[in-house]
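Reader: I am new to this structure and would like to understand how its descriptions are justified. Could you take me through the reasoning, one term at a time?

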Amino acid sequence: MLRARCLLRALRSCSTAPCPRLRPFARLSVRDALGSQNASGERVKVQGWVRSVRSQKEVLFLHVNDGSSLESLQVVADSNFDNRELTFGSSVEVLGQLVQSPSKRQNVELKAEKIEVFGNCDAKAFPTKYKERHPLEYMRQYPHLRCRTNTLGSILRVHSEATAAIHSFFKNSGFVHIHTPIITSNDCEGAGELFQAEVNAIRTQMEKLGPEEQGLTQGLIAGTTFHQLEDP
C-alpha cells in the first residue's frame, strides 16, 4: 500500500512538471554565422539565395549567401531534403544548428533541420549560371543581379568603404554635406523653373578660358559637395 502511494505521488509530480522547451531559432546573417568562433550547436535561422547544390546518396550540401559576405555558408542536410525546387538561384530559409566544420575550407557549417523554399528559380532560364564567369558587358543587361557576382560585389564594397571614409573625414573636419543644384538640359517635375542659365553668358565665360579649362568645364556633373560654414 505504501509503495502504491509513493508511485502515485511520483506520477503526479512528473505530470505537473513543465516539459523542457527548445530554444527558438536566432536569425543570423551569413557574415555573422561565418564569424562565429565558438559554434557549439546553437539553433539559428539563415535566409538567402542558393549558390550551389550538391546531392549525394545520404548527404545534401548547399551553399547559401545573403549578400552580407562574399563567402557562402555551407549547409549540410539529409538527402530527404532534396527536391526539384531546391535549385541554383532559389531563395530559401534554413533552420538548424551551427556547428564546427570538419573541413579546412570553412570554420563552421549549418546542420539543417528544416529547409523552406520561398522563391523558386528556373536554373535554365536564369541569366547567371553556376560556375560561369560572365563578362561585365553581359551583366550590364541585368542591373538587379550584378551585385550577386563576386567581381561587382567586391567593387561595391570598396566603393562603400571609400565613400564612408571620405564622409567621415569631412564630417570630423567641420564640413557640412549638401546637395548642389544640377545644371542639365532635362526638365523633370518642374525643376527647371528654379533658375535660368543664360547661354550667351556661359559662352562668354567659356571664351575667356583656355583649351584645357574649357575641357574641364564642358561636363557639368552633379556630385557630392562639402562646404564649410562660417560663423556670422
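Author: Lys45 has its place in strand 2, and since this is a predicted model, each value that follows is computed from predicted coordinates.

Reader: What makes Lys45 buried, exposed or partly exposed?

Author: Lys45 has a relative accessible area of 23%; buried means under 20% and exposed means over 50%, so Lys45, at 23%, counts as partly exposed.

Reader: Which residues is Lys45 in contact with, once its neighbours within four places in sequence are left aside?

Author: Lys45 is then in contact with Phe25, Ala26, Arg27, Leu28, Glu93, Val94 and Leu95, and contact here means heavy atoms within 4.5 Å. A separate value concerns Val30, which is 15 residues from Lys45 along the chain, with 9.9 Å between the two C-alpha atoms.

Reader: Why is Ala26 called partly exposed?

Author: Ala26, which belongs to strand 1 (residues 26-27), has a relative accessible area of 39%; because that value lies between the limits of 20% and 50%, Ala26 is called partly exposed.

Reader: What does Ala26 touch, not counting residues up to four places away in sequence?

Author: Ala26 touches Arg43, Val44 and Lys45. For Val44, the separation from Ala26 is 18 residues in sequence, while the C-alpha atoms of this pair are 4.6 Å apart in space.

Reader: How do you know whether Gln106 is buried or exposed?

Author: The relative accessible area of Gln106 is 16%, and the cut-off for buried is under 20%, so Gln106 counts as buried. Gln106 is found in the loop between strand 5 (91-100) and strand 6 (108-119).

Reader: What joins the side chains of Gln106 and Ser101?

Author: They are joined by a polar contact of 3.1 Å, a value that falls within the limit of 3.5 Å set for a pair of N or O atoms. Ser101 also appears, together with Gln74, among the contacts of Gln106 when neighbours within four places in sequence are set aside.

Reader: Why does Thr128 count as buried?

Author: Thr128 has 10% relative accessibility, and because buried means under 20%, Thr128 meets that description. Thr128 sits in the loop between strand 6 and helix 3, and with residues up to four places away in sequence not counted, Thr128 touches Phe88, His134 and Met139.

Reader: How is empty space found in such a model, and how much space lies in the largest pocket?

Author: Rolling a probe the size of a water molecule over the atoms shows where empty space is left. In the largest pocket there is about 960 Å³ of space, and 34 residues line this pocket, of which Arg51, Glu132, Arg148, Thr149 and Asn150 lie nearest its centre. The elements giving two or more residues to that lining are strand 2 (40-55), strand 3 (59-65), helix 3 (136-139) and helix 4 (150-172), with helix 4 providing the largest share, six residues.

Reader: What kinds of residue make up the lining of the largest pocket?

Author: The lining divides into 12 nonpolar, 13 polar and nine charged residues.

Reader: How many helices and strands are there in the protein chain, and what part of the chain counts as buried?

Author: The protein chain has six helices and eight strands, and of its 232 residues 22% count as buried, that label being given to residues under 20% relative accessible area.

Methods:
Residues are numbered from 1 along each chain as its sequence is written. This is a predicted model: local features need pLDDT of at least 70, side-chain atom pairs count only at pLDDT 80 or more; totals for chains, interfaces and linings use all residues. Side-chain values use heavy atoms; hydrogens and water are left out. Helices (H or I, at least four residues) and strands (E, at least two) are DSSP runs, numbered from the N terminus. Buried means under 20% relative accessible area, exposed over 50%, partly exposed in between (1.4 Å probe, protein chains only). A polar contact is a pair of N or O atoms within 3.5 Å; within protein, one must be able to donate a hydrogen and the other to accept it, and residues adjacent in sequence count only if both atoms are side-chain atoms. On a 1 Å grid over the protein atoms alone, a cavity is a set of points where a 1.4 Å probe fits but cannot get out, and a pocket is an open set with protein on both sides within 12 Å along at least five of seven lines; lining residues have an atom within 4 Å of a point. Grid points are joined across faces, edges and corners, and a volume is the space filled by probe spheres set on the points. Ala, Val, Leu, Ile, Met, Phe, Trp, Tyr, Cys and Pro count as nonpolar, Asp, Glu, Lys and Arg as charged, and the others, Gly among them, as polar.
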